[in-house]
Structure formats: structure tokens, C-alpha cells
Amino acid sequence: MEKVYLTWDDINSLVDKLANEVSQAAVPPLYITGLPRGGLIPAVMLSHKLNIPYVNISLIRALPAVDVLVVDDIADSGETLLQYKAYQTSVLYYKLQSEATPTYYAEEVENEAWIVYPWERKDSETIQDYKVQ
């Protein structure tokens with residue numbers, strides 16, 4: 001499988017796109033959280049850019065779902081995002097075959113390339129990451 005290696009500049013641009021979309025939302029989130037592992041870094045970056053508090057994923061069930069933005073790196077199969085369909089969701093990359101459509105996404109991806117983020121090892125295997133339980 002082809003791999004696409006992203007740089008930190010790429011990530012900054014993608015987070016800027018998300019920040020622009022989220023800032024124009026009719027119902028902007030009051031809290032941001034990130035899904036372990038891939039969503040943590042973009043969630044913190046987005047939290048800083050929008051000046052919206054970051055909350056630990058374990059605390060969101062106590063908050064009104066409409067007030068929380070759940071961030072992940074990619075909507076690939078969509079399985080992970082389906083667990084958070086009551087919440088606003090955002091991803092850096094949205095693959096069209098995903099079963100879940102995020103509320104916000106920075107880029108739409110039509111191919112099957114494996115995306116390697118700068119916080120991942122360059123020799124990462126092309127397998128699904130850990131799933132949130």
C-alpha cells in the first residue's frame with residue numbers, strides 16, 4: 001500500500017482549515033477532546049487556535065454532547081466516529097468510504113493511501129490503530 005508522509009507544516013495547514021470551519025459553526029463547541037492516539041495532537045492544536053478548553057475524553061459523557069467537539073486524525077472505516085455520533089466530530093482527513101461523516105474535515109481523500117503523520121514512526125505498519133473502547 002502506498003504511504004503518504006505528512007510534515008508538521010501539513011498538519012498546521014489542516015488544523016487551520018478545521019479551525020476556520022469550526023469558528024463559523026452555527027453551534028460552536030464549548031469543549032474539545034481528542035481520541036487516543038491519532039486525535040490527541042490535532043485536538044490540542046485546535047484547542048489552542050480556537051481558545052476552546054481541551055477536556056479529557058473520559059469526561060465528555062458528563063457534558064452536553066452538542067457542546068463537545070471530538071477530534072480524530074482520520075475517518076477511514078468510520079467505526080471509531082460512529083461511537084461518537086451524538087457529538088460534533090472533526091478529522092484532518094475524511095475518506096469517502098467511511099461509514100461516518102464527520103461534522104468537520106480538513107481534506108477529503110478518495111484513494112487508499114496510508115497516511116503517516118509526523119508523530120508516527122516512519123516505518124509504521126498499514127494496520128488500523130488502537131480502537132477506543
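Author: A residue is buried under 20% relative accessible area, exposed over 50%, and partly exposed in between. Keep that in mind, and remember that this model is predicted.

Reader: Is Glu-107 buried, exposed or partly exposed?

Author: Its relative accessible area is 26%. Partly exposed covers the values between 20% and 50%. So Glu-107 is partly exposed.

Reader: Which residue forms a salt bridge with Glu-107?

Author: A salt bridge needs a side-chain nitrogen of Lys or Arg within 4 Å of a carboxyl oxygen of Asp or Glu. Here the closest N and O atoms are 2.0 Å apart. The partner of Glu-107 is Lys-17.

Reader: How many residues apart in sequence are the parts that this pair ties together?

Author: Lys-17 lies in helix α1. Glu-107 lies in strand β5. The pair therefore ties together parts whose separation in sequence is 90 residues.

Reader: How many salt bridges does the structure hold?

Author: One joins Lys-17 and Glu-107. Asp-16 and Lys-49 also meet in a salt bridge, at 2.8 Å from N to O. This pair links helix α1 to helix α2, 33 residues apart. The number of salt bridges in the structure is two.

Reader: Is Asp-16 buried, exposed or partly exposed?

Author: Its relative accessibility is 39%. Its partner Lys-49 has a relative accessible area of 41% and is partly exposed. At its own value, Asp-16 also counts as partly exposed.

Reader: What is the nearest side chain of opposite charge to Asp-73?

Author: Asp-73 is found in strand β3. It is buried yet has no salt bridge. The distance to the nearest opposite charge is 8.3 Å, while a salt bridge needs 4 Å or less. That nearest side chain is Arg-37.

Reader: Which residues is Asp-73 in contact with, leaving aside its neighbours within four places in sequence?

Author: Two glycines are on the list, Gly-38 and Gly-39. Val-91 and Leu-92 are there as well. The list is completed by Tyr-93, Tyr-117 and Trp-119.

Reader: Which element gives the largest share of the largest nonpolar core?

Author: This core has 24 residues, and Ile-11, Ile-32, Leu-46, Leu-92, Tyr-93 and Tyr-117 have the most contacts inside it. Two or more residues come from each of α1, α2, β3, β4 and β5. The largest share is six residues, and it comes from α1.

Reader: How many residues does the other core have?

Author: It lies apart from the largest core. Leu-35, Ile-60, Val-70 and Tyr-87 are among its members. Its size in residues is seven.

Reader: How many bridges join β4 and β5?

Author: β4 is mostly covered, with eight of its eight residues buried. It pairs with β3 in the parallel sense over six bridges, and Leu-69 stands opposite Gln-88 there. With β5 it also pairs in the parallel sense, and Ser-90 has Tyr-104 as its bridge partner. The number of bridges between β4 and β5 is five.

Reader: What is the radius of gyration of the protein?

Author: The protein has three helices and six strands, in the pattern β-α-β-α-β-α-β-β-β. The globule rule gives 14 Å for 133 residues. The protein comes close to that value, so it is as compact as a globular protein of that length. Its radius of gyration is 14 Å.

Conventions
Residues are numbered from 1 along each chain as its sequence is written. This is a predicted model: local features need pLDDT of at least 70, side-chain atom pairs count only at pLDDT 80 or more; totals for chains, interfaces and linings use all residues. Side-chain values use heavy atoms; hydrogens and water are left out. A nonpolar core is a set of buried Ala, Val, Leu, Ile, Met, Phe, Trp, Tyr and Cys residues joined through side-chain atoms within 4.5 Å. Buried means under 20% relative accessible area, exposed over 50%, partly exposed in between (1.4 Å probe, protein chains only). Helices (H or I, at least four residues) and strands (E, at least two) are DSSP runs, numbered from the N terminus. Two strands pair if DSSP finds at least two bridges between them. Lys and Arg count as positive and Asp and Glu as negative; His and the chain ends are not counted. Contact means heavy atoms within 4.5 Å. The radius of gyration is taken over C-alpha atoms; the globule rule is 2.2 Å times the number of residues to the power 0.38.
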